[in-house]
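Reader: I would like to go through the ligand site of this model with you. Could we begin with the structure itself?

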Amino acid sequence: MDLENAMRAEKALFPDLFNRLPVVLERGQDVHVWDADGKKYLDMFAGVAVSSIGHAHPRMVKTISAQAAKMIHASNWVFTESQLTLAKKLADLSGMEKVFFTNDGAGAVETAIKLARKATGRTGIVSMEGAFHGRTMGALSATWSKKYREPFEPLIPGFSFARYDDISSVEAAVGEDTAAIIVEPILGEAGAIVPHGSFLKDVEKIAHDAGALLIVDEIQTGFGRCGQMFAYKGQGISPDIVTCAKGLGGGFPLGAVLFSGCDFDPGQHGGTYNGGPLACEVALTVLSVIEDEGLVANSKKMGDYIKEGLSSHSVHGAGLMLGVDTDDGRGNALKLMKRGIIPIYSGNILRLLPPLTLKKEHADIVIGNISEVL
Ligand SMILES: *Cc1c(COP(=O)(O)O)cnc(C)c1O
């Protein structure tokens, strides 16, 4: 299907929600994608930080076909070894006690909010200005952008916002009825905004001093994206709840909530598709590819290399979650697409979120082209 037909069909069939990039993607291989005319692009957004091990990884293809031939769905009426093995793996990787699987990021945030309210008997959730946590009613209540929220108000009561990276603002927002503070270790949708050194540690202290929980949203930052398995690791904090999705499934829809010291009672939460055997086998493969191919270290190395190469520009973020300040996000993204590179953008920030398999030769192409375009 060519672009003009796709645009016409979109207008006829879909609500006008996505200001899509002008390309019809047909297939991918590792860090490259091809459009319907056979034009090759370097994929610098990975379907929004999702295709963590690249496209059509042979081990992923093998897992999906083998598991599809065995069993795609089982439900939570029964046990599956796939689900238990993945849960154990995630608990070991994170040091958290328990795991609840969801189908996406918003579902993980919904779960975290319910869990925090249940565990504390309080209703307040303090989120951050600039935060993005998803678009279902609970997750949306914790999302900052007025454009996303206002048409759907009233949202869930009890949500408030503090300024990101401003600890006195967080302190002022927390009170006796605060069930949890929810925070991204690095703001994702806002354009890879990194807080100052002790921010997360200070947020944790404020939460715990107030008897509230700390929810760390690792949906975008997790699984090597920021050069560590989890971006909060190394900050000296122990979150009560960690939300995961995006990179965990490498393109297959899957989320997870990891938690310690809090729990649900029977029947209080669930979902028909949650933690299906195919999804879990895919995630196990993603995690072992990340380990076997050293993708966490590669993310840090390539991220530092791109930052260094673009040091005459304002570049922020960590690992392969980078934001480049420009004067026109979409305009510059379109210019890069003409040159065979697909980034995304938030306002005027170009966002670089490639597969974690990115190599130096690809990074050089990105650095060269961005330097010429900006
Ligand atoms: C993408 C994202 C979400 C929402 O995930 P969906 O799978 O789109 O629902 C939540 N939090 C963060 C930090 C995200 O980047």
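Author: One definition comes beforehand: a polar contact is a pair of N or O atoms within 3.5 Å. Please also keep in mind that this is a predicted model.

Reader: Understood. How far is an oxygen atom of the ligand from an N or O atom in the side chain of Gln 220?

Author: The distance is 2.8 Å between that side-chain atom of Gln 220 and the ligand oxygen. The protein covers 83% of the accessible area of the ligand, which is 380 Å² for the ligand on its own.

Reader: And which partners do nitrogen atoms of the ligand have?

Author: There are two to mention. An N or O atom in the side chain of Asp 217 is 2.7 Å from a ligand nitrogen. With Phe 132 the backbone takes part: one of its N or O atoms lies 3.2 Å from a nitrogen atom of the ligand.

Reader: Which residues surround the ligand?

Author: The surrounding residues are Asp 104, Gly 105, Ala 106, Phe 132, His 133, Gly 134, Glu 184, Asp 217, Ile 219, Gln 220 and Lys 246. By class, this shell has four charged, four polar and three nonpolar residues.

Reader: Which pocket is the space taken by the ligand?

Author: The ligand occupies the largest pocket. That pocket holds about 1,800 Å³ of space. Its lining consists of 49 residues, and those closest to the centre are Phe 18, Val 48, Arg 135, Tyr 148 and Glu 189.

Reader: Which elements give two or more residues to that lining?

Author: They are helix H2 (46–49), helix H5 (105–120), helix H7 (146–149) and strand S14 (344–346). S14 provides the largest share, with three residues.

Reader: How does the lining divide by class?

Author: The lining of the largest pocket comprises 23 nonpolar, 16 polar and 10 charged residues.

Reader: Let us turn to the backbone. What is the sign of phi at Val 48?

Author: Phi at Val 48 is positive, at about 65°, although the residue is not a glycine. Val 48 belongs to helix H2, and it is also among the residues closest to the centre of the largest pocket.

Reader: One last point: is the peptide bond from Glu 153 to Pro 154 cis or trans?

Author: The bond from Glu 153 to Pro 154 is cis, and its omega is near 5°. Pro 154 is located in the loop between H7 and strand S6 (159–162). H7 is also one of the elements that give two or more residues to the pocket lining.

Technical notes:
Residues are numbered from 1 along each chain as its sequence is written. This is a predicted model: local features need pLDDT of at least 70, side-chain atom pairs count only at pLDDT 80 or more; totals for chains, interfaces and linings use all residues. Side-chain values use heavy atoms; hydrogens and water are left out. A residue is near a molecule or strand if one of its heavy atoms lies within 4 Å of it. A polar contact is a pair of N or O atoms within 3.5 Å; within protein, one must be able to donate a hydrogen and the other to accept it, and residues adjacent in sequence count only if both atoms are side-chain atoms. Accessible areas come from the Shrake-Rupley method with a 1.4 Å probe; for residues, only the protein chains shown count as cover. On a 1 Å grid over the protein atoms alone, a cavity is a set of points where a 1.4 Å probe fits but cannot get out, and a pocket is an open set with protein on both sides within 12 Å along at least five of seven lines; lining residues have an atom within 4 Å of a point. A molecule sits in a cavity or pocket if more than half of its atoms lie within 2 Å of its grid points. Ala, Val, Leu, Ile, Met, Phe, Trp, Tyr, Cys and Pro count as nonpolar, Asp, Glu, Lys and Arg as charged, and the others, Gly among them, as polar. Grid points are joined across faces, edges and corners, and a volume is the space filled by probe spheres set on the points. Helices (H or I, at least four residues) and strands (E, at least two) are DSSP runs, numbered from the N terminus.
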